[in-house]
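This report describes how the parts of one protein chain fit together. Please keep the sequence and the model in view while reading.

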Amino acid sequence: MTQETSGFAAFDLNPNILAAVIATGYEEPSAIQQQSIPIILAGHDMIGQAQTGTGKTAAFALPILNRIDPAKREPQALILAPTRELALQVATAFETYAKQMPSVNVVAVYGGAPMGPQLKAIRNGAQIVVATPGRLCDHLRRDEKVLATVNHLVLDEADEMLKLGFMDDLEVIFKALPATRQTVLFSATLPQSIRAIAERHLRDPQHVKIQTKTQTVTAIEQAHLLVHADQKTSAVLSLLEVEDFDALIMFVRTKQATLDLASALEAKGYKAAALNGDIAQNQRERVIDSLKDGRLDIVVATDVAARGLDVPRITHVFNVDMPYDPESYVHRIGRTGRAGREGRALLLVTPRERRMLQVIERVTGQKVAEVRLPDAQAVLDARIKKLTNSLAPLVADAESTHGDLLDRLTADIGCSPRALAAALLRKATNGQALTLAAIERERPLVPNSTPRERSGDRPERGDRERRAPAPLAEGRARCRTALGARDGIAAKNLLGAILNEGGLAREAIGRIQVRDSFSLVELPEEGLEKLLAKLKDTRVAGKQLKLRRYRED
Ligand code: AMP
């Protein structure tokens, strides 16, 4: 795709940024990008309501990169993210989009890593600072001027930041930034606490929200599968084993992904092809014709390339990459279930995209059931069924055409018909695994573990910032104190103080979570106000406890 044909060319972006975006393989701006980029480019404050998976990172990263002055070697844009994981992801996205701007430097600042190198990178002139609030406040305590030159601030996943108790830290950061800065706030939800922040700290913000109309999808059976991003291809291959499909379309986000997945499928013997915006129109038409008449069974497409595609043979849609919004999801799965037939739609969801799944369920008014990867037994059953189906029609007249040959071969070889049939099967199945043990050996995936259960997804030890509060038991209220590990507090100090001063029994106190800059304590809902009044003057480690009810919205 050339710069002229990309939907991104319509924005007034620096050619280096545009070239980097096109090199990434994006074909068209997502809805949130379409609306946000011009507003941020024009220097307005903005509130964007969008969750992960909508393309929100590029929605702010591209215009912010455009607005900084690469020649100035000082921090100019600050992006705040709730977790270290997201901060790293955002920093990587900035680096990708700034690939052709060699003088732009990005630094990620988060807890659990030494402070010295982070501060050095900031002082050495990184223009973009991506930080978690807790750690950034630690830096501010050492050098309150460190953010004095920042004139663009982005709060990413603002609701998550508040849930993790970063409200006080945010206030400290706002104070450390020039009042004339541009401020952009992204949040999946806009509870009162977020609106209050916007009122106090944003100037005349423009609102951007992806409109979600309720959509109906009938005759399409929908399911989702939780999977890590790097296991999508093997998950797709496993699913194909057991899904009884005629023709299938798979949606991915980039043209590179169409090529990679189509060639992985071809390597496994599927009749598959890629369809993306780089492919000339007449070639695209050939691909679609092939899908119509059965020369192809699977097409791996981007949304742009699949526009208007109408092939009645399509029984299945695989959303290998999440769509940007529910409308696009509905649009994609509408490629199946054509002409009153039944269709099946499968959605692959990575751990960070679960929220998008909920949005899709809400907008479509339908539950998208969870499925697991097929286990070895299911794969074996499906393979044997396919073999049975392919051989059964041949049995009827094969004896009349090849019976004599069979007699001759068994006599020549000196074997039983069973031995010969087995040899022919081995030849016909071409080394395919057809026993449980053989299938288990060829499958690296653990079928019944979801990403949630695998250790890779667990919060790292020692990284206090990224853990969300645990679900609350009934009859309990969560309370918060601004005292945390950095004040020398341990759970036992809090427990001791509350037991002594509050006169509670040990069982009355639930989980105590100590984070770097605050702590959460679960207390009985009944009589809570009285208890908090009792603890009003309590001190722990020489500091006032100031325990308050913690609101999670
Ligand atoms: P985000 O919502 O920012 O977490 O983005 C989700 C994913 O979409 C990331 O992997 C991005 O690289 C990708 N992405 C963002 N914008 C586009 C686009 N216009 N076209 C294709 N992929 C995109």
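## The pair α15 and α16

Helices α15 and α16 cross in a right-handed manner. The model in which this crossing appears is a predicted one. Helix α15 covers residues 376–413, and the angle at which it packs against α16 is about 125°, with the two axes 11 Å apart. The pair α15 and α16 is therefore described as oblique, since an angle of that kind falls outside the ranges that count as roughly parallel, roughly antiparallel or roughly perpendicular.

On the side of α15, the contact is formed by Leu 387, Leu 391, Leu 406, Leu 409, Thr 410 and Ile 413, which meet Pro 417, Leu 420, Leu 425 and Thr 429 of α16. Sorted by class, the residues of this contact are eight nonpolar and two polar, with no charged residue.

## The protein as a whole

The protein contains 19 helices and 20 strands. Its C-alpha trace spans about 100 × 65 × 45 Å along the principal axes. There are 553 residues in the protein, and 51% of them count as buried.

How much of the contact within the chain joins residues 24 or more positions apart? Among contacts with a separation of 6 or more, such pairs account for 75%.

## Helices α2, α3 and α4

Helix α3 takes part in two of the packings described here, one with α2 and one with α4. The axes of α2 and α3 come within 9 Å and cross at roughly 25°. Because angles under 35 degrees count as roughly parallel, α2 is roughly parallel to α3. The crossing of these two helices is right-handed. From α2, the residues Ile 32, Gln 33, Ser 36, Ile 37, Ile 40 and Leu 41 meet a set in α3 that includes Lys 56, Phe 60, Pro 63, Asn 66 and Arg 67. By class, this contact of α2 with α3 comprises ten nonpolar, three polar and two charged residues.

Are α3 and α4 roughly parallel or oblique to each other? Their axes lie 10 Å apart, and the packing angle is about 50°. Helices α3 and α4 are therefore oblique to each other, and their crossing is right-handed. The contact joins Thr 57, Ala 58, Phe 60, Ala 61, Leu 62, Ile 64 and Leu 65 of α3 to Val 90, Ala 93, Phe 94 and Tyr 97 of α4. Ten residues of this contact between α3 and α4 are nonpolar and one is polar, while none is charged.

## The nonpolar cores

The largest nonpolar core has 46 residues, and the members that touch the most others are Phe 60, Leu 62, Leu 65, Phe 94, Ile 128 and Phe 186. Several elements each supply at least two residues to this core, among them the helices α1 (15–24), α2 (31–41), α3 (56–67) and α4 (84–97), and the strands β2 (77–80), β3 (106–109), β4 (128–131) and β6 (182–187). Another core lies apart from this one; it has 34 residues, including Val 129, Leu 155, Met 161 and Leu 177.

Leu 65 gives a view of the largest core from a single position. Which residues does Leu 65 contact, leaving aside neighbours within four places in sequence? They are Ile 17, Phe 94, Tyr 97, Ala 98, Met 101, Val 104 and Ile 128.

## Two residues with positive phi

Most residues other than glycine have a negative phi. Glu 157 is not a glycine, yet its phi is positive, near 55°. This residue lies in the loop between β5 (152–155) and α7 (158–163). Is Glu 157 buried or exposed? Its relative accessible area is 12%, and residues under 20% count as buried, so Glu 157 is buried.

Asn 430 also is not a glycine and has a positive phi, of about 55°. Its place is the loop between α16 (417–429) and α17 (436–442). Asn 430 has a relative accessibility of 70% and therefore counts as exposed, the cut-off being over 50%.

## A buried serine

Ser 328 belongs to helix α13, which covers residues 326–333. The relative accessible area of Ser 328 is 15%, so this residue is buried. Apart from residues up to four places away in sequence, Ser 328 touches Asp 303 and Pro 323.

How values were computed. Residues numbered from 1 in each chain as written. Predicted model: local features only at pLDDT ≥ 70, side-chain atom pairs only at ≥ 80, totals over all residues. Heavy atoms only, no water. Helix = DSSP H or I, 4+ residues; strand = E, 2+ residues; numbered from the N terminus. Buried < 20%, exposed > 50% of the residue type's maximum accessible area, 1.4 Å probe, protein only. Axes fitted to C-alpha atoms, helices over the stretch in contact; angles between N-to-C directions. Parallel < 35°, antiparallel > 145°, perpendicular 65-115°, else oblique. Left-handed = near helix turned anticlockwise from the far one by under 90°. Contact = heavy atoms within 4.5 Å. Nonpolar A, V, L, I, M, F, W, Y, C, P; charged D, E, K, R; others polar. Core = buried A, V, L, I, M, F, W, Y, C linked by side-chain atoms within 4.5 Å.
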